[in-house]
Structure formats: structure tokens, C-alpha cells
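Reader: Please take a close look at the salt bridges, and then place them in the setting of the helices, strands and ligand shells. A connected account would be preferable to a list.

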Amino acid sequence: MAYKIIASQCTACSACEPVCPNAAISQKKGVFVINPVDCTECEGQYDEPQCAAVCPVDNTCVPR
Amino acid sequence: MSQIISLSSLQTIRPEVREQMKQTLADHQGCGTSGGSGKSSCGSSAGPADMAPEIWEKVKNHPCYSEEAHHHYARMHVAVAPACNIQCNYCNRKYDCANESRPGVVSEKLTPEQAARKVLAVASTIPQMTVLGIAGPGDSLANPAKTFETFERISKVAPDIKLCLSTNGLALPELVPMIKNYNVDHVTITINMVDPEVGEQIYPWIFYKNKRWKGRDAAKILTERQLEGLELLTSAGILAKINSVMIPGINDQHLIEVNKAVKSRGAFLHNIMPLISEAEHGTYFGLNGQRGPTAQELKALQDACEGDMNMMRHCRQCRADAVGLLGEDRSAEFTLEKLMEKTEIEYDLEARKAYQELVEAERQDKVAAREKEMAEMASVESDTKILIAVATKGGGRINEHFGHAKEFQIYEVSTAGAKFVGHRRVDLYCQGGYGEEEGLDTIIRAINDCTAVFVAKIGGCPKNDLQAAGIDPVDAYAFEYIEQSALAYFKDYVARVESGELVHTARGDAQIRQGAFAA
Ligand code: SF4
Ligand code: SF4
Ligand code: SF4
């Protein structure tokens, strides 16, 4: 149960980083990555995964 | 660049001379409006006569808020804010925010610390750099921590620099107190609609209160937030400029409504910009063949909105890391790599002040020259209006070679005065990829609505081609002030038409340059 970021599509805009309620997102080698250990898919916290809702590139923050 | 007065000449200014300059300044406070239509090209288009003194104080050195100042003062943007909280159909987030920047441009992202360093370096090299803006590459207020940290650092090291920011407005209302705290005195909001039915064609979604909203709901929230933010800015005494992107067939007529809505909420300036749309930018509009307006469509809409509101026509849709006078870009001189090479940067507040005083004196001189020319205009009777294209590097003078011009400034001249009404970019054509003939053709298309083009110098070949296209190439006013020269030319033009030597003909439309810009 976790999300991932498709690195080849990430524009490194950083929008996802602050909206994650679990601080699961960080920058690595230019792009952003999700630590699957911390990611809860926002279950019980929000109606939709926050990273996917804010990301400007469709289908970039997706289930693993 | 437009070094009107070289920096080194400053070192030689004695304090008593400086005092004298200050006195001259005090004698002609600000720049007067020049009668006629009552709206000369001074100030945003207005001068202190129809502007409260405290507002004039804020805008007089701001190149983006004052048309007059944009010939003399420079601005810089730092790209510290990459994230955005909405999606616009004219934006591809691989590039800079298209609200403020031209599409297809990628700026070098900086951390707040790097940004402060860059500001210092630029301010020490370009003494007329008076304004620092944060306009992306995403939305400044979708990155509040980075944006405000940058302001904090800069106000510490360079307290004389004015701060401004641009935003799509979604996050604005709650942040107005912060903006006030950091002494940001200018804010630009991009407002393209006040009707969700129009809005849903421009914004596919927004991210608000932990949720992605789509369609009409998204547009409704966005317009409410934008207008609320504008009202709060107005009541906090922060100057608000409104940007609108003109999208033919979607919001072109509607922008008259937008103009009324923002005017009634205290917006200081309205800037209608053309949509720049190319398939290669990969934006929704670009890929779907949505066209941008022509030069005359844009001007007609700006004219229709003018009324008693200041319209801004000198916006260059600068990139999020632009440096220099509007219309020029020196960002390549101040890349991150070059900044990090320098160890010590000295910030000389006194030298900057002295330089700016010289600029101010030159400005007064220019106004006086124009007033004199206008006084003589009183005897001229004509309802003719002509457009004149001008090759200039800044300083309000005709000081650029035709072949080197990256843009032409456009002035509308009539017995009411010479009014700056826009600019036409031509940079790509003279620099890359095109043959000389082709380059000339594109320049002619860009200024096809003009009767004359003023240059410092021009070669024989382009001269003939311009004449063949019905545009009068004029180098007689080389290095003179633009407005004064335009008025003198106009008087002569009217006289020649009257004597039968010349037949006044209406000119056609012109093309707004599309595509990514080098600068
Ligand atoms: S799905 Fe939610 S918890 Fe997981 S990374 Fe995205 S925002 Fe964070
Ligand atoms: S929001 Fe999307 S594009 Fe932006 S950094 Fe996160 S994953 Fe990358
Ligand atoms: S606000 Fe700017 S960065 Fe955000 S989507 Fe619109 S144009 Fe792009």
C-alpha cells in the first residue's frame, strides 16, 4: 500500500513534497521520490492521495 | 545595455553636485502629464497629476508599474518558486509559469540563499536595478516558505530594493498579512475571468483544501479567491496589478467584464497580454490549435478597457529569472555557476543612489523636451493618428541600430500626444536560423501597422525594403528622445499631407511573435 513517482515524468516542481501528510516525499537526484515505508496512500487522512491531486503531470504519482 | 550614464562617471560626482541634482529634482517633482488627452505616456500612463502622491512614490521607479520608468529602471526575477496549485490550459509545467513568463522558457531554479546572492551581484553591477520580483517558475504563493525566506534575506542585504510578487491568486487571501509584513508593496494577480463558465475553458483543475477540483467548481473557487485577495490587498494598501491573458474566442470579450470587476475592487493597473500558443510548447491550447490575438485585436481590447483605468502595455512577459531593463535580458551574465565563483560581493548603497539620481535628472530632461514639443502642437489641427515603431535600448531614446533591435517599441501619435502602446518582439529573426531576407520580412510583418520606424542607424537594403512596404525608415532623430521626436515627425507628417506631398493611408494589422524567446 504505497504510491510511487514515475521519475521519467517528474518535472521536479516540488508541489507534492509539502502536501504529503506523512512526510514521505523527498528530493533525490533531481527528481522527487516517495518512501514506501512512510506512504499510507493518504488512507484515513484525505479523500484522495495528495501527491497525485497536486501533481501537474497526469499519471506520475501512481500506486506501486 | 542601456547605460545612459556610466557607473564609473559616478565616482566623480562631488557631494555638492549631488545636492544640486537633488534640488533640480525637487523643483520638478515627478513627471507631469502633458495635457492633450490628459493621459500622456507618463507613469503607468498617468503621472502624478492624476495619482495620489503616495502611490506615485511607490510606482515611479518601478519598471513594471510605470511605463515611464520602464525606459530607465531595471527589474530582476528570481526563480525560487517551482510548485503550482492550479493548472492553466496555456501552461506546460515543464516550463515557467505562463501567467508571468512567456511559454516555452525554462528558468534556473534557485534556493532562497542563492537568490539573495544573485540579487546582490546584480544590484552591484546594474545600479538602476530597483525591483526584485518572484514570479515562478510556478506560483509564488504556492511556495510561501521559499518566497518569504527569499524576501527576508534580500531585505536584510539590500534594503533599498522594492519587492514584488505574482500569483494566480488561489492562495492569496490568507497570505495578505504576510505580504504586508514583508513590505512587499506590489502584487500581480493573473485574472482571466470572473465567470466560471468562461473559467472552465481555461483552468482544467485547481488543488484547494486538500482536494483536486475540476471544471466549473474549480473556476468558481478560483475567481472567488482571486477577487477576495484583490479586495484584501486594496484594503491593506498594497498596490495590485492585474494580468489577463487574452484568448480569442474564449475570454476576449469577457475581459471587459474582468476589467470592470478589478477596477471596482481597487486594482491599480490592468495588463492584458496576448496568448502565446505553439504546438511545440505542448500546452493544451497549443496542441489544440488555439490561436493568440493579432497586434490590432490586442490593441483594440486594451483601448476598450482604458476608460479611466491605467492600462499597461509595456509588459514583456519576462521569464522567471529575467534580469535587466524590460525588453532586455542579462540573466546569462548571472548564472548560478558564475555567482558561486565570486566570493565577495560588495553592496554600495551610496553609488546606487547617486546613479539613480542621475537617471532621474535625465528623466526630467526628457519630460521637459516633450512638453516643449507638445506646446508647439497646439497650432496643429488634424485627427490623424499614426503608429511609429522605435528601435531603442532604453533611456527613452532612439539609440538602437535597426538590424540589432530585439524589439520595437510602438508609439501612437496624434495631436493629443505620443503614447506608448506596445512593443513587438523580433529577436529570433535577426539572430538565428533565418536568412536575411526572411528576417526582414518578419520584422515588416511585426511592424506592418506602423507609418514609420525610428532607428539610430539603418543599412541601405532594409531601408529600400521598408519603403517598398510603405514604412518610412527614419534615422534623422538618432539618439534623440523618443516622444519629442515622434511629435516632431508627426507635425511634419501632417504638414506634408496637407501640402499634398503625401497621402495618408491607413496601415494594416501586424503579427504578434509566437514561439519561445531566447530572452
Ligand atoms: S499518497 Fe499520500 S502519503 Fe503517499 S506519498 Fe502521496 S501524499 Fe504522501
Ligand atoms: S508534483 Fe509531480 S512533477 Fe512535481 S515534483 Fe512531485 S511528482 Fe514531480
Ligand atoms: S499558474 Fe502559472 S505555473 Fe501554474 S499552471 Fe498556471 S501558468 Fe502554469
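Author: E197(B), E200(B) and R216(B) are linked in a network of salt bridges, a salt bridge being a side-chain nitrogen of Lys or Arg within 4 Å of a carboxyl oxygen of Asp or Glu. The model is a predicted one, in which local features require pLDDT of at least 70 and side-chain atom pairs count only at pLDDT 80 or more, whereas totals for chains, interfaces and linings use all residues. Residues are numbered from 1 along each chain as its sequence is written, chains are lettered from A and ligands numbered from 1 in the order in which they are written, and side-chain values use heavy atoms, with hydrogens and water left out. Over all chains, the count by this rule comes to 17 salt bridges.

Helix α5 of chain B covers residues 144–157; helices (H or I, at least four residues) and strands (E, at least two) are DSSP runs, numbered from the N terminus. Within α5(B), E149(B) forms a salt bridge with R153(B), and their closest N and O atoms are 2.8 Å apart. The two residues are four apart, about one turn of the helix. E149(B) counts as partly exposed at 35% relative accessibility, and R153(B) is also partly exposed, at 32%. Here buried means under 20% relative accessible area, exposed over 50%, and partly exposed in between (1.4 Å probe, protein chains only).

E152(B) and K156(B) lie in α5(B) as well, again four residues apart. Their salt bridge has its closest N and O atoms 3.6 Å apart. E152(B) is partly exposed at 32% relative accessibility, whereas K156(B) is exposed, with a relative accessible area of 65%.

Helix α8 of chain B (residues 215–235) holds a further pair, K220(B) and E224(B), which are separated by about one helical turn because they are four residues apart. Their side chains meet in a salt bridge of 2.9 Å, N to O. K220(B) counts as partly exposed at 44% relative accessibility, as does E224(B) at 43%. Why does such spacing suit a pairing of side chains on one helix? An α-helix has 3.6 residues a turn, so residues three or four places apart point the same way.

Helix α4 of chain B (residues 112–125) has 14 residues and an expected span of 20 Å, taken as 1.5 Å times one less than its number of residues. The end C-alpha atoms of α4(B) are 20 Å apart, which agrees. Among the buried residues of α4(B) are P112(B), K118(B), V119(B) and L120(B).

Chain B also has an open sheet of three strands in the order β2-β6-β7, with antiparallel pairing. Its edge strands are β2 (86–87) and β7 (211–214), each pairing on one side only. Two strands pair if DSSP finds at least two bridges between them; β2(B) is joined to β6 (residues 205–208) by two bridges. I86(B) stands opposite I206(B) in β6(B).

The ligand shells complete the setting. Of the 13 residues around ligand 1, C20(A), N22(A), C39(A), C42(A) and C51(A) come nearest, a residue being near a molecule if one of its heavy atoms lies within 4 Å of it. The shell of ligand 1 has nine nonpolar, three polar and one charged residues; Ala, Val, Leu, Ile, Met, Phe, Trp, Tyr, Cys and Pro count as nonpolar, Asp, Glu, Lys and Arg as charged, and the others, Gly among them, as polar. Around ligand 2, the residues include C10(A), C13(A), C16(A) and C61(A), and its shell has nine nonpolar, two polar and no charged residues.
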